[in-house]
Structures are given as structure tokens and as C-alpha cells.
Amino acid sequence: MKAIVITEAGGPDVLQLCERPAPRPGPGEVLIDVRVAGVNFFDTAIRRLAQAEVPGVEGAGVVTEIGEGVRDLAPGDRVAWLHMGFGSYAEQIALPADGVVRVPDAIDDETAAALLVHGLTAHHFATVSHPVRPGDVTLVHAAAGGVGLMLTQLIKARGGTVIGLVSRPEKVPVATAAGADHVLVSTGDAFPDRVRELTGGEGVHAVFDGAGATTFDASMSLLRRHGTFVFYGPLIGEPPTVRLSELPRSISITYPTPEDHVDTPEKLRAHTSELFGLVERGELTVRITGRYPLADAARAHAAIESRTTTGKLLLLP
Ligand SMILES: NC(=O)c1ccc[n+]([C@@H]2O[C@H](COP(=O)([O-])OP(=O)(O)OC[C@H]3O[C@@H](n4cnc5c(N)ncnc54)[C@H](OP(=O)(O)O)[C@@H]3O)[C@@H](O)[C@H]2O)c1
């Protein structure tokens, strides 16, 4: 089978299409024909540091074979998955059966693959990291990006207000269409004055910042008393050291990690079925803006790193 292999640590060009031995399903596993693999910013860090042979932590496809002991799935079933190791940038993958979810008939493969990482991440942020309550005012960084668009929609659905940040004017209508109440164009740390103005000087109840180190202090300065700083940007830049006793206004800081989004098969099923339901009812929109043949994974990585993309990029093996 064909797969994208990280040939060495480096830029997008180290992603090469290679011939690999076809995987076999072990006990408790299923073999899947990958129809769509999701591209995530996370994948670019894995490539830069050569932390996997075949990258890709998300996808959707069709079960073609089941391993010993698998009872709940059969060849022909449509499934999707996230964060069960690497290997999704490939024509086939073998995965533990209890880590994949069935995809409802009403949800197509592209939507399923586009929804899992960004959707479940945003779900965790808005329901556990800072359970958004009606009236909460929030600041969402990279509001037109993969996580940002999902988060904006989920915050709005819970009755919150979203002030979105984007780096380019052409991203403003994208964040607005997802429901952002205000969208500010900012590339560095010059946004606090404008956010204070929009909040009558009060600041926000929660900041969702995946943009690295440059924005960290500015984001923190905007939290009101007992506010929550949801930080998820170490791959773009390590945050500064924070002294606990110097935290202002009794705020909380949290760093939600992917392994905690859905830490049991039951939560995986419950939360994905909630997201699929929202999509089926038209209450959550998945914005797919780039579809690339598997061989063009390098182009997809260059695009997401260029800071010009919005929504989700997909590889089609
Ligand atoms: N902890 C978790 O569970 C988790 C899960 C998924 C993603 N993440 C993190 O969430 C962030 C967004 O991920 P994503 O997959 O949804 O990607 P994305 O938002 O679709 O793309 C990255 C966006 O980050 C912004 N950005 C800010 N500084 C940047 C820089 N120096 N280089 C490139 N982009 C920069 C850009 O938006 P603007 O140009 O509009 O600012 C860019 O479009 C990433 O930091 C990712 O690592 C964390």
C-alpha cells in the first residue's frame, strides 16, 4: 500500500509517498481502507521533529477485515477515528476496534474525518476546560482555523459571546459566518485595548489561546476575576514560566491535552454522536477548504503552516 513517510525531521518536503507493507489486523483490531485523512496543525510538529514514521491521527474509511475477537464491527462498516497512534496518512490502517466510531449514514466520509479532532477538542474546551454559560464573554484565537471555527460555534450554541482573533482581513467573514460576535484582525499582542473596549473595560470570562507564546501575556491580561485561560498552543510556541503566586485576579489556567478529550470508549461514542447529531440537524457546520491527493501531503502542510488557511484540510488516499 501507499503511505506518506516522514523521511527525516524537517519541512514539508520530508513527507514522501512510499510503498509500505499492508497492515494486518491483530486480535481486537480492524483493518480499514482509509477514504479520508484529516490534516491537523499537530501533524506539522510531528513532521518537524520526526516523531512518527507515517503521520496522521485522524480519518474516516471502511472496515475491510476484522481481527480475532471483534464482535461489534464487520467488513463494510463505515468508521472514523482519532488519536490512536499515527499512520492515517496511508491507504490502509489497522486500529483497535473499541477506538473507532461508526459513522451514521447521513454523515459523509469527509465530514466525519473533518469533525473528530477539531470537534472533540473544541467540545472538551467549551464543556470541561471552561463550561461556557449563557452570558459568558470569550476570546477565541485563530477563530477561522480548524479548532477556532468549531469552538466558536459550540460557544455560541451554549449562549456565550465570541470575540474572535484572526491574522488577515479575509478571514473575518469566515469567523463571522461561524457566529463570532466580533472579529479582530491581529497578528501579535496588540489586541487587548480593542477587547477591553468591546467589553466595557471588563475583559472576558475565558480565553481560548492556541497561538503560542507571543499572545500569552496579552491573553492573560484580559481575564476578569475567576476567569479561565485555556492554553493549547505549545506547538506554535512554549508559554512563559508562570509563578502561581503571581496569577492575577484568582484566574485559572488549564492545558487540555488530546488524550483527555475522550478518555474512554464510552465518552468517545457519546461525544462523537453528540457532534454528529449537531451536524445532522444543521447546528454545527464543518468547513472543508482543502482536499489533496495523498501524494500532496507536503502541500497541505505548507498551506496550514502558511497561516492562510481556514477550516479543515483533508488528504484523499
Ligand atoms: N491541546 C489540544 O488538544 C489541541 C488539539 C488540536 C489542536 N491544538 C492546537 O490548536 C491550534 C490550532 O490547531 P488547528 O489544527 O485547528 O490549526 P488551524 O487553526 O487550522 O491553523 C493554525 C492557525 O494558528 C494561527 N497561528 C498563530 N500563530 C501561528 C504561527 N506562528 N504559525 C502558524 N499558525 C499560527 C493561524 O491563524 P491566524 O493566522 O488567523 O492567527 C493559523 O491559521 C494549534 O496550536 C494546535 O496545536 C491543540
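This passage looks at the open and enclosed spaces of a predicted model. Residues count from 1 along each chain as its sequence is written. Because the model is predicted, local features need pLDDT of at least 70 and side-chain atom pairs pLDDT 80 or more, while totals for chains, interfaces and linings use all residues.

The largest pocket holds about 1100 Å³ of space; a pocket here is an open set of points on a 1 Å grid over the protein atoms alone, with protein on both sides within 12 Å along at least five of seven lines, and lining residues have an atom within 4 Å of a point. Its lining has 42 residues, and F41, A142, G210, Y232 and I236 sit closest to the centre. Both domain 1 (2-116 + 259-316) and domain 2 (134-255) chip in, so the pocket lies between them; the domain bounds come from an automatic or database assignment. By class, the lining of this pocket has 19 nonpolar, 20 polar and three charged residues, with Gly counted as polar and Asp, Glu, Lys and Arg as charged.

As for enclosed spaces, two cavities of 30 Å³ or more turn up in the whole structure, a cavity being a set of points where a 1.4 Å probe fits but cannot get out. The largest cavity, about 50 Å³ in volume, is lined by residues including H118, M150 and R287. The second largest cavity has a volume of about 30 Å³, and its lining is made up of Q153, L154, A157, L278, E283 and L284. Domain 1 and domain 2 both give residues to that lining, so the second largest cavity also lies between them.

Definitions and conventions: Side-chain values use heavy atoms; hydrogens and water are left out. Grid points are joined across faces, edges and corners, and a volume is the space filled by probe spheres set on the points.
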